[in-house]
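Trainee: I am new to this one, and I would like to understand why each label is used. Could we go through the labels together?

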Amino acid sequence: MNHYIHHIPGLLQIKNPALKNNIAGLDHIRNQFDGIDGIDYITTNPLTGSAVIRYYPDIIPPDRMVVLIDNRIRPDHRHESSESSRQKNEMPEYARCAGDF
């Protein structure tokens with residue numbers, strides 16, 4: 001899956017074609033970061049398939065923010081079993097896009 005992450009301390013942008021017009025996928029991203037101390041705001045744009053997370057680097061160090069992305073929305077690049085791959089392919093598109101980062 002092609003994705004783009006732009007990160008400068010305090011501002012992180014995620015863009016993925018699978019998130020275009022994907023309200024459920026963007027809501028998933030928003031929910032993963034909502035309520036975390038140090039997150040100022042999260043905006044999403046279904047037309048571009050992007051999310052912008054503004055955070056306070058003095059509360060969440062930039063390297064920790066990268067770890068949060070890895071743990072919460074980026075893909076697990078380990079090899080999938082054929083059974084889990086089959087199940088994933090049977091899921092509706094909106095249900096698997098956010099996890100396909």
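Trainee: Where do R30 and D27 lie?

Mentor: Both belong to helix α1, three residues apart, which is about one turn of the helix. A helix here is a DSSP run of H or I with at least four residues, a strand is a run of E with at least two, and both are numbered from the N terminus. Keep in mind that this is a predicted model, where local features need pLDDT of at least 70 and side-chain atom pairs pLDDT 80 or more, while totals for chains, interfaces and linings use all residues. Residues are numbered from 1 along each chain as its sequence is written, and side-chain values use heavy atoms, without hydrogens and water.

Trainee: What makes R30 and D27 a salt bridge?

Mentor: The rule asks for a side-chain nitrogen of Lys or Arg within 4 Å of a carboxyl oxygen of Asp or Glu. For R30 and D27 the closest N and O atoms are 2.5 Å apart, so the pair qualifies. In general, side chains of opposite charge can pair when their charged atoms come close.

Trainee: How many salt bridges does this rule give?

Mentor: The count is two. D40 and R54 also meet in one, at 3.2 Å from N to O. D40 sits in strand β3 and R54 in strand β4, so this pair ties together parts 14 residues apart in sequence.

Trainee: Why is R30 called partly exposed?

Mentor: Under 20% relative accessible area is buried, over 50% is exposed, and partly exposed is in between (1.4 Å probe, protein chains only). R30 has 28%, so partly exposed is the right label. D27 at 30% gets that label too, as do D40 at 30% and R54 at 36%.

Trainee: Why are β1 and β3 said to stand at the edges?

Mentor: Four strands form an open antiparallel sheet in the order β1-β2-β4-β3. β1 and β3 each have a single partner strand, so one side of each is left without a neighbour in the sheet.

Trainee: What makes β3 and β4 a pair?

Mentor: Strands pair if DSSP finds at least two bridges between them. Six bridges join β3 to β4, so the condition is met. One of the partnerships is T44 with A51, and N45 stands opposite S50. β2 and β4 also qualify, with five bridges in the antiparallel sense.

Trainee: Where is P46, and which residues does it touch?

Mentor: P46 is in the loop between β3 and β4. Not counting residues up to four places away in sequence, P46 touches L19, K20, N21, I23 and L26 (contact means heavy atoms within 4.5 Å). The C-alpha atoms of P46 and L26 are separated by 7.3 Å, although the two are 20 residues apart along the chain. P46 has a relative accessible area of 24%, so it is partly exposed as well.

Trainee: Which residues form the nonpolar patch on the surface?

Mentor: I8, L11 and Y41 form it, with about 240 Å² of accessible area together (Shrake-Rupley method, 1.4 Å probe; for residues, only the protein chains shown count as cover). A patch takes residues with over 30% relative accessible area and no salt bridge, joining like charges within 9 Å and nonpolar side chains (Val, Leu, Ile, Met, Phe, Trp, Tyr) within 5 Å. I8 has 42%, so it passes the area cut-off.
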